Every structure is written in C-alpha cells, then in structure tokens.
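Okay, thanks for coming, everyone. I'd like to walk you through one chain and its two ligand sites, so let me put it up on the screen.

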Amino acid sequence: MPIDCKHCNAPCCRHAGLVSKELDRGDGTCKYLSWEGKCVIYSCRPFVCNTDRIYEKYFKDRMPREQFDKMNADACDFLRREDGKNSKQ
Ligand code: SF4
Ligand code: SF4
C-alpha cells in the first residue's frame, strides 16, 4: 500500500538537504515545504521525491511493489521516530 502522508509532519521534507542541495532552503528543510507541512509543487515534485518514478526506474525489475512500499514505510517510521525523539530534546 502506498505511503499515507496525511498525518505526518513531513520529517523527510525537513531533511531534504541531506539528499539534494538544490532543494535545501539553507537549513536542510526543503524550500518547497509550506508552513502547513505540505509540498507546494507536489504534482511536479522532483524525481527524488517521487516513489512511483523511483520504483519504475530502479526497483521494478528487482522487487514487487509491495516490498518496495514496505521498505519506504519502514523508512518513514524510522524518520518519524527519530523526529519525535529530537523534538523532545
Ligand atoms: S516521512 Fe513518510 S509519511 Fe511522512 S511526509 Fe515523509 S514520506 Fe510522508
Ligand atoms: S519537493 Fe516537495 S516532496 Fe520533495 S522534499 Fe520538497 S516538499 Fe518534500
């Protein structure tokens, strides 16, 4: 099942600078993340943010979609857990 971002405060987008200097607004957060935690260019977001395109290009021949989605969901869980820990410090 694809990732449901509805109830997430986008820790991935707040650390986008780790994967793309072009997205970094200067503090690691993506310059396209709105103050409400939404991507303002979602429909034309870059390749690195688009799991459908990444799957098609790099993973389709290597694993079923369910496995890829599970891998992404695990990464999201990790990010959210770490984000929760850091926000309590
Ligand atoms: S961490 Fe995962 S669930 Fe949260 S916004 Fe990013 S992709 Fe969506
Ligand atoms: S472009 Fe959109 S989806 Fe990609 S990191 Fe920035 S806010 Fe998130």
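Before anything else, one term: when I say two residues are in contact, I mean that their C-beta atoms, placed from the backbone, lie within 7 Å. With that in hand, of the contacts in this chain with a separation of 6 or more, 33% are between residues 24 or more positions apart. And please keep in mind that this is a predicted model.

So, the overall picture. The chain has 3 helices and 0 strands, and reading along the sequence you get α-α-α. The C-alpha trace spans about 40 × 25 × 20 Å along its principal axes. How much of the chain is buried? Of the 89 residues, 8% are.

Now the core. The largest nonpolar core is made of 7 residues, namely Ala10, Cys12, Cys13, Ala16, Leu23, Cys30 and Leu33. Take leucine 33: if you ignore its neighbours within four places in sequence, its contacts are Ala10, Cys13, Arg14 and Cys39.

Alanine 10 deserves a stop of its own. You'll find alanine 10 in the segment before helix 1. Buried or exposed? Alanine 10 is buried, because 20 other C-beta atoms lie within 10 Å, and 20 is where the buried class begins. Look at its backbone too: phi of alanine 10 is near 60°, a positive value in a residue that isn't glycine.

One step back along the chain is asparagine 9, also in the segment before helix 1. Asparagine 9 has 14 C-beta neighbours inside 10 Å, so it counts as partly exposed. Its C-alpha is 5.7 Å from that of glycine 37, although the two are 28 residues apart in sequence.

On to the ligands. Around ligand 1 we have Ile3, Cys5, Cys8, Ala10, Pro11, Cys12, Cys76, Leu79 and Arg80. So alanine 10 turns up here as well. Which helices supply at least two residues of that shell? Helix 1, residues 11-14, and helix 3, residues 65-88, each do. Helix 3 gives the most, with 3 residues. By class, the shell around ligand 1 has 8 nonpolar residues, no polar ones and 1 charged.

Ligand 2 next. Its surroundings are Cys13, Ala16, Leu23, Cys30, Tyr32, Leu33, Cys39, Ile41, Arg45, Pro46 and Cys49. That list includes leucine 33, which we met in the core. Here the split is 10 nonpolar, no polar and 1 charged.

Last, two residues with few neighbours. Where does serine 34 sit? Serine 34 is in the loop between helix 1 and helix 2, and helix 2 runs over residues 51-59. Serine 34 has 10 other C-beta atoms within 10 Å, so it is exposed. From serine 34 to isoleucine 54 is 20 residues along the chain, and their C-alpha atoms are separated by 24 Å.

The other one is tyrosine 58, in helix 2. Tyrosine 58 counts as exposed because it has 10 C-beta neighbours inside 10 Å. Its C-alpha is separated by 13 Å from that of aspartate 69, which is 11 residues apart from it along the chain.

That's my tour; I'm happy to go back to any part of it.

Technical notes:
Residues are numbered from 1 along each chain as its sequence is written. Chains are lettered from A and ligands numbered from 1 in the order in which they are written. This is a predicted model: local features need pLDDT of at least 70, side-chain atom pairs count only at pLDDT 80 or more; totals for chains, interfaces and linings use all residues. A residue is near a molecule or strand if its C-beta atom, placed from the backbone, lies within 6 Å of it. Helices (H or I, at least four residues) and strands (E, at least two) are DSSP runs, numbered from the N terminus. Ala, Val, Leu, Ile, Met, Phe, Trp, Tyr, Cys and Pro count as nonpolar, Asp, Glu, Lys and Arg as charged, and the others, Gly among them, as polar. A residue is buried if 20 or more other C-beta atoms lie within 10 Å of its own, exposed if 12 or fewer, and partly exposed in between; C-beta atoms are placed from the backbone. A nonpolar core is a set of buried Ala, Val, Leu, Ile, Met, Phe, Trp, Tyr and Cys residues joined through C-beta atoms within 7 Å.
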